[in-house]
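I opened a notebook page for this protein and kept the entries short. Each entry says what I looked up and what I found.

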Amino acid sequence: MKKILLNIMLLSGLFYLAGCELDIIPSDALTGEQITNTSDGLVSLVNGCYAQFKDFPDGGGSNEWYLRQYYQLSDFASDDIVCAYKTEDDLINSFRYQDRVSEKANINSFWEVSYKIIYGANVAISMADQKGSDELTDHLKGESYFLRAFATHGLVRLFARPYSDANAGLPGVILRESSTDGAPKERATLDETYDYIITSLKTAASLMSEETPEARSTRGFATRYSAWALLSRVYLYKGDYENAVLYADSVINSGQYELESPESWSGYFANAKSSSETIWCIPFTVADDKKESSVASMIYNGASCWGEEGASSSLLKDMGFGTEMMDVDQRWSYINTSEPGLKNGVILYYIGKFSGQDNLPTLSSPVMLRLSEAYLNRAEALAKLGDVDGALADVNEVRTARMLVPEGGSLDDYLVEAERDNVTAANITDVVLKERRIELAFEGHRIFDLLRNGKDLVRNYWGFHLDSYNGIPAGSEPGLSAGGVVVHASDPSTVYPIPSSELSTNKLCVPNN
């Protein structure tokens, strides 16, 4: 771990959120004594941890900020997005598995900022311990446990094998358990890593009360419900389906959240900060707009956008391209099919999930947890437990909230019915995974849904994910034997290499093979 992570001076980079809607005090207005002994110091530190998700990293390039990499390292590696330009940006290596090496800036930056969040959270926990217990301090301490768990899970998804009983003893990631835990350290096992994440989240939930303090009641701060929602995801990834159901139930039955309607869905992501469906988002303001370096810039076509990637033909097929579903299913509202682009022989259907806030093409408040995921986490867990009816009920709950039925039509025609659609215990998991793909597209889920279910990645369409593509399609599709089309779930390249910045300073850390 780089020495910078060991230095308390990191706090100066954690405190200040320029232009954000969070009520904080800048670091230069606080003395060391205030930081330790007043709530303002703790609030500023915890708010600074959130800032790391959207701030440009110190000494890094403008493209290397956390959320841009969070989505690109995951979604660009999946079969949901096609690449139409072989850019010099390191993002190309998410598409091209064979080109991934530990020196890439995006890999190093994501790793370093993740541990910066974890370090800041651990410092906040230590400060809260010194302050003693009161409602706000306990809540801030709970938020800190949540943030370190979220950042650690983000790391283990990308830099380690999916969890399974067979993989439990394989390397996970380095666990930083306190503000003084900064010495060179070996990677924990996957089992130890998941235990750390789960324990942190349970601690977070226990510290945060049912009634969130008014000062922390926006969708931009973690709550007890955020911890439960993330626990449902983590348990699903671990294959502990009973607990995945338990924590999804806790969120769904809390009464705190409500799915958007078909009529309101098209405006959801532009208004995520105030939506009843959002459990936790990273709030952006106009001052935070990253423009050419935004999440939207690569996948949207508008001012300050590069527009070099778009929705894949594989995803469009699953969504019902060319059928009446394009009018009925409101999830099509985030894919521009009326004005597609064309680059290097690739048709680009631009993606609008990260655009439209304040009517700006590159501004949104990215949603990290929302209610529909809780339904679909429960659906998949129930499917794995053999409860076909329960899984279908959750799938249809989500579909009901997305289908704008034409006049004279019936909603039932657009739901999944076991007998009519030949859904059985043998294929119910695939039904749920297809719904997850459509509902959660471009939100950082698809590649992990494939890999943790042992499913190969198949990208049988033209684009620069292919080993040898010259910008001129040679037929309707490249074929399954073309290099880069099929990546087996067991392929070591599906796991990103441990960054060179870690390997060069921590000799106890083993690389990925």
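Which glycine takes a positive phi just after α9? I looked, and the residue is glycine 239, with a phi of about 85°. The model I am reading is predicted.

**Entry: helix α9**

I stayed with α9, which runs over residues 224–238. Its 15 residues should span 21 Å at 1.5 Å a residue, and I found its end C-alpha atoms 21 Å apart, so the two values agree. I then checked its cover and noted that 14 of the 15 residues are buried.

**Entry: the whole chain**

I stepped back to the protein chain, which has 17 helices and eight strands. For 513 residues, a compact globule would have a radius of gyration near 24 Å; I noted 22 Å for this chain, which agrees. The C-alpha trace spans about 65 × 50 × 50 Å along its principal axes. I wrote down that 59% of the 513 residues count as buried.

Next I looked up contacts with a separation of 6 or more, and 70% of them are between residues 24 or more positions apart. The accessible surface is about 19,300 Å², and carbon and sulfur atoms account for 48% of that. For charges, I listed 44 positive and 72 negative side chains, with the centres of the two sets 5 Å apart.

**Entry: two residues with positive phi**

Most residues other than glycine have a negative phi. I therefore noted residues that depart from this rule.

Lysine 291 has a phi near 50°, which is positive, and the residue is not a glycine. I placed lysine 291 in the loop between β2 (278–281) and β3 (309–311). Its relative accessible area is 41%; being between 20% and 50%, this makes lysine 291 partly exposed.

Asparagine 359 is not a glycine either, and its phi is positive at about 60°. I found asparagine 359 in the loop between β5 (346–348) and β6 (367–370). Is asparagine 359 buried or exposed? Its relative accessibility is 76%, and over 50% counts as exposed, so I filed asparagine 359 as exposed.

**Entry: helix α15**

I moved on to α15, residues 428–439. This helix has twelve residues and reaches 17 Å from its first C-alpha to its last, close to the 16 Å expected at 1.5 Å a residue. Nine of the twelve residues are buried, so I described α15 as largely enclosed by the rest of the structure. Among the buried ones I noted Ile428, Val432, Leu433 and Ile438, and also charged residues including Glu435 and Arg436.

What covers the buried residues of α15? I listed several elements, among them α9, α11 (313–319), β6, α13 (371–384), α14 and α16 (446–452). The α9 of my earlier entry is thus part of this cover.

**Entry: alanine 393 in α14**

I picked one residue of α14 (residues 388–400), alanine 393. Its relative accessibility is 42%, and I noted alanine 393 as partly exposed. I also looked up its distance to valine 416: the two are 23 residues apart in sequence and 8.9 Å apart in space, C-alpha to C-alpha.

**Entry: serine 114 in α6**

My last stop was serine 114, in helix α6 (residues 105–131). Serine 114 counts as buried, because its relative accessibility is 0%. Which residues does serine 114 touch, not counting residues up to four places away in sequence? I found Tyr66, Ala151 and Leu155.

Key:
Residues numbered from 1 in each chain as written. Predicted model: local features only at pLDDT ≥ 70, side-chain atom pairs only at ≥ 80, totals over all residues. Heavy atoms only, no water. Helix = DSSP H or I, 4+ residues; strand = E, 2+ residues; numbered from the N terminus. Expected span 1.5 Å × (residues − 1). Buried < 20%, exposed > 50% of the residue type's maximum accessible area, 1.4 Å probe, protein only. Rg over C-alpha atoms; globule rule 2.2 N^0.38 Å. Contact = heavy atoms within 4.5 Å. Areas by Shrake-Rupley, 256 points an atom, 1.4 Å probe, with all protein chains shown as cover. Charge placed at Lys NZ, Arg CZ, Asp CG, Glu CD.
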